[in-house]
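Please open the structure in a viewer and keep the sequence at hand. The tour proceeds from the whole chain to a single residue.

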Amino acid sequence: MKTPDDRDEPVAVVAPTSCPFCTSPQIAAATEKVDAFTYWRCKACGQMWNVGRLRVNNRRGYRER
Ligand SMILES: [Zn+2]
């Protein structure tokens with residue numbers, strides 16, 4: 001879902017729906033504002049990750065900002 005207030009976010013936000021490690025759907029964002037740098041935590045396996053880190057493979061400069 002998009003909200004007009006989020007238009008200034010340059011990064012396409014894709015909220016995960018399941019844990020990339022164990023595929024459990026029992027995940028929760030660590031913060032209320034979800035963006036590419038939001039950390040997610042899996043309640044099933046305890047892993048923490050963020051979407052930005054998972055997608056960094058294509059680019060060498062991971063500190064673009
Ligand atoms: Zn997991």
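The steps below indicate what to select and what is found there.

**The whole chain.** Begin with the entire protein chain, bearing in mind that this is a predicted model. Its secondary structure consists of one helix and three strands. Followed from the N terminus, the elements appear in the order β-β-β-α. The chain has 65 residues, of which 8% count as buried. Among contacts with a separation of 6 or more, 21% join residues 24 or more positions apart.

**The sheet.** Next, select the three strands, which form an open sheet in the order β1-β2-β3 with antiparallel pairing. At the edges stand β1 (27-29) and β3; each has a single partner strand, so one side of each is left without a neighbour in the sheet. On average, neighbouring strands of this sheet are turned by 30 degrees against each other, direction ignored.

**The pairing of β1 and β2.** Now restrict the view to β1 and β2, whose antiparallel pairing runs over three bridges. Select Ile-27 and then Cys-42, its bridge partner in β2.

**The loop after β2.** Move on to Ala-44, located in the loop between β2 (39-42) and β3 (48-50). Is Ala-44 buried, exposed or partly exposed? Ala-44 counts as partly exposed because it has 14 C-beta neighbours inside 10 Å, whereas a buried residue would need 20 or more.

**The surroundings of Ala-44.** Finally, display Cys-19, Cys-22, Ser-24 and Gln-26, with which Ala-44 is in contact when its neighbours within four places in sequence are left aside. For Cys-22, 22 residues away along the chain, the C-alpha atom is separated from that of Ala-44 by 7.9 Å.

Conventions: Residues are numbered from 1 along each chain as its sequence is written. This is a predicted model: local features need pLDDT of at least 70, side-chain atom pairs count only at pLDDT 80 or more; totals for chains, interfaces and linings use all residues. Helices (H or I, at least four residues) and strands (E, at least two) are DSSP runs, numbered from the N terminus. A residue is buried if 20 or more other C-beta atoms lie within 10 Å of its own, exposed if 12 or fewer, and partly exposed in between; C-beta atoms are placed from the backbone. Two residues are in contact if their C-beta atoms, placed from the backbone, lie within 7 Å. Two strands pair if DSSP finds at least two bridges between them. Axes are lines fitted to C-alpha atoms, for helices over the stretch in contact, and angles run from 0 to 180 degrees between N-to-C directions.
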